Amino acid sequence: MTEVVDRTVSGTTTAGSGSAGTTAVDVAALGELLLGRWADVRRQARELAGRPEVHKIEGLTHTEHRKRVFGQLGYLVEHNAVHRAFPGRLGGSDDHGGNIAGFEELVTADPSLQIKAGVQWGLFGSAVLHLGTAEHHDKWLPGIMSLEIPGCFAMTETGHGSDVASIATTASYDDATQEFVINTPFRAAWKDYIGNAANDGLAAVVFAQLVTRNVNHGVHAFYVPLRDPQSQEFLPGIGGEDDGVKGGLNGIDNGRLHFSNVRVPRTNLLNRYGNVSPDGEYSSPITSPGRRFFTMLGTLVQGRVSLDGAAVAASKVALKTAIQYASERRQFNSSSPVEEEVLLDYQRHQRRLFTRLATTYAAGFAHEQLLEKFDEVFSGTRDTDADRQDLETLAAALKPLSTWHALDTLQECREACGGAGFLIENRFASLRADLDVYATFEGDNTVLLQLVAKRLLADYAKEFSSVDFGVLARFVASQAAGVALHRTGLRQVAQFVADTGSVQKAALALRDEEGQRTLLTDRVQSMVAEVAAALKGANKLPQHQAAALFNQHQDDLIDAARAHAELLQWEAFTEALALVKDPGTRQVLTWLRDLFGLSLIETHLSWYLMNGRLSMQRGRTVGAYINRLLAKIRPHALDLVDAFGYGPEHLRAAIASGAEQQRQDEARDYFQAQRADGSAPVEEKSLPALKR
């Protein structure tokens, strides 16, 4: 992550001064921090995303929108915007992290363009790149990179979405012809929701169960031509349907594909992790079928990484628009008889927007760490099996939180802007519709969190895999003592004594960085330990009993995974603070980090109270301290969103253009002139006083 350089800022004070009035944000330096390691790539991508040629035009029919977006793919090729991750010998730059950083920025132009480009080069092209060999690269990647071969990523089936291991499409090897025969044996096996399938795709990477010598070796990927390049008609044995109009992303031609005895050469198997010889013998460098499956799918994790970043970008655009508008829009005469209040001065409005601003900063810093981890793995710098598992888990933890947060932020910003927010010209409704599916594709969010929970349980179990009975017994005893301490009220009594009736001291304890870390970490550890204890011995039960036991605790597992992801975001925010040299900027960001941490504690306050982690007295101080933080952040709100670096060409929202300020100024001048020349009509409620 880029370090913020020292800058002299007029009026700044040392961190911890606590005076918002004498603290300032170095917007330029903060903007550099937020751009991260791939700052130059992001700047280039934003310049491209700001061009009218790639912008979404509202009101197009879905067929018109599809045609426009496909044409925009060609525009991206012409401007060298999509080839960063591909091999240098083929015209790429082997820059995996930079590739994702650039793709994410396209969401500000048109989410349909971002996703369709992701299908073409981030899924279809990457599957050939990462699952194929040099022979496959030389044969197909040049056409994929140039858009000569528009393609599909055909994994999801109507009957199996997140459960990829159970897909029903088969690829059976015929050693007599040295071909694989691909079939979707029933309707539920059709490939569904496939981008580029309805119109544009000439080929697909099809995921199917590889069967040879009557042995199923699990899911593998095959390069399958779909359409005749001249006629655009499906090839024999291949059929499909158009998914039609969707709730959003209508610039993408999603569709269904089915296969009936479709034959492809043996060499069309993307065989980096599994191969079949001419006589039908299967071989793989990874002996474990389960590990092989997760390794193959792990190479495609970049879709989740990209969605995580795109969701953060969309949240930034929404907050910049809503906070800009709220700093100009006036409503109700609360403190002055002659001038209405700015919306952003209302505490509730600050609660609505600043808490989400804090979460967006946290999500952005966490995404930068995810992107760096992704680049390390895919560049080969740190590419062990453990590194890949860590990457998969991190992506599965962060993508759900950022995509849910984006949807929540877009909706709250829409409502915070009133009727104006509902107008398509201000983009909230359009962006929310387009991002809605982010919560369920590239991995359903809830299923992804379950994967994270299983990893947490595995890591927890590993800690005790080699200890003797005495050590384990002592641990269980200490846990029991901990539960007794928390749940009998002893800790609450201790906190009450420590607080000595002082709300201020209680607030200071919550504000402390280590205090927040302890509360957030303890929640994760306790939740995981509790579920692990409940599931202990489940692997020795009959399958149906083990499944029933797991199901009883599934909700707890997913809650633990979410708590873990929230902790990761908080830690990323805290680590970013260490990179900030300017004291004023660091102070404001510390307030924002505290707002994020305390908002999490407030959200889960019932857990902290029920489990004895907070006393009732200390719990009551959380909301009050959040409100004090809101007041401190208020003078810096515009600086914090300006640091995102998105200009009018990215926002494209009428209410963020300054027009509202002009209207308010015009109205103020009008009423001031009336009062000055005495032409203002008398208010009826003033008549009794005038008569006296």
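Author: In this predicted model, a residue counts as buried when its relative accessible area is under 20%, as exposed when the value is over 50%, and as partly exposed in between.

Reader: Is Arg 593 buried or exposed, and what is its relative accessible area?

Author: The cut-off for a buried residue is a relative accessible area under 20%. Arg 593 meets this condition and is therefore buried, at 2%.

Reader: With which residue does Arg 593 form a salt bridge whose closest N and O atoms are 3.4 Å apart?

Author: A salt bridge requires a side-chain nitrogen of Lys or Arg within 4 Å of a carboxyl oxygen of Asp or Glu. At 3.4 Å between the closest N and O atoms, Arg 593 satisfies this condition with Glu 513.

Reader: How many residues apart in sequence are the parts that the pair of Arg 593 and Glu 513 ties together?

Author: Arg 593 belongs to helix α20 (residues 583-603), whereas Glu 513 belongs to helix α17. The second partner, Glu 513, is partly exposed, with 31% relative accessibility. Because the two residues sit in these separate helices, their pairing links parts whose separation in sequence is 80 residues.

Reader: What is the relative accessibility of Asp 594?

Author: Asp 594 is a salt-bridge partner of Arg 593, with the closest N and O atoms 3.0 Å apart. The limit for a buried residue is 20%. Asp 594 counts as buried, so its value falls under that limit, at 3%.

Reader: Is Asp 669 buried or partly exposed?

Author: Asp 669 pairs with Arg 668 in a salt bridge whose closest N and O atoms are 3.5 Å apart. Arg 668 has 34% relative accessibility and counts as partly exposed. Asp 669 has a relative accessible area of 42%, so its class is partly exposed.

Reader: Which residues are joined into one network by salt bridges that share partners?

Author: The structure has 46 salt bridges in total. Those with shared partners connect one set of residues into a network, namely Glu 513, Glu 514, Arg 517, Glu 571, Arg 593 and Asp 594.

Reader: Which residues lie nearest the centre of the largest cavity?

Author: The structure contains five cavities of 30 Å³ or more, and the largest has a volume of about 160 Å³. Its lining comprises seven nonpolar, three polar and six charged residues. Of the 16 lining residues, those nearest the centre are Leu 34, Arg 42, Lys 316, Gly 364 and His 367.

Reader: Which elements give two or more residues to the lining of the second largest cavity?

Author: The second largest cavity has a volume of about 50 Å³. Its lining residues include Leu 520, Arg 523, Glu 566 and Tyr 608. Two or more lining residues come from each of α17 (513-535) and α19 (554-577).

Reader: How many residues does the second, separate core have?

Author: The largest nonpolar core has 167 residues, and Leu 76 and Trp 121 are among those with the most contacts inside it. Leaving aside residues up to four places away in sequence, the contacts of Leu 76 include Leu 48, Val 82, Leu 113 and Trp 121. The second core is separate, with Cys 152, Ala 204, Val 276 and Tyr 282 among its members, and its size is 23 residues.

Notes: Residues are numbered from 1 along each chain as its sequence is written. This is a predicted model: local features need pLDDT of at least 70, side-chain atom pairs count only at pLDDT 80 or more; totals for chains, interfaces and linings use all residues. Side-chain values use heavy atoms; hydrogens and water are left out. On a 1 Å grid over the protein atoms alone, a cavity is a set of points where a 1.4 Å probe fits but cannot get out, and a pocket is an open set with protein on both sides within 12 Å along at least five of seven lines; lining residues have an atom within 4 Å of a point. Grid points are joined across faces, edges and corners, and a volume is the space filled by probe spheres set on the points. Ala, Val, Leu, Ile, Met, Phe, Trp, Tyr, Cys and Pro count as nonpolar, Asp, Glu, Lys and Arg as charged, and the others, Gly among them, as polar. Helices (H or I, at least four residues) and strands (E, at least two) are DSSP runs, numbered from the N terminus. Buried means under 20% relative accessible area, exposed over 50%, partly exposed in between (1.4 Å probe, protein chains only). A nonpolar core is a set of buried Ala, Val, Leu, Ile, Met, Phe, Trp, Tyr and Cys residues joined through side-chain atoms within 4.5 Å. Contact means heavy atoms within 4.5 Å.
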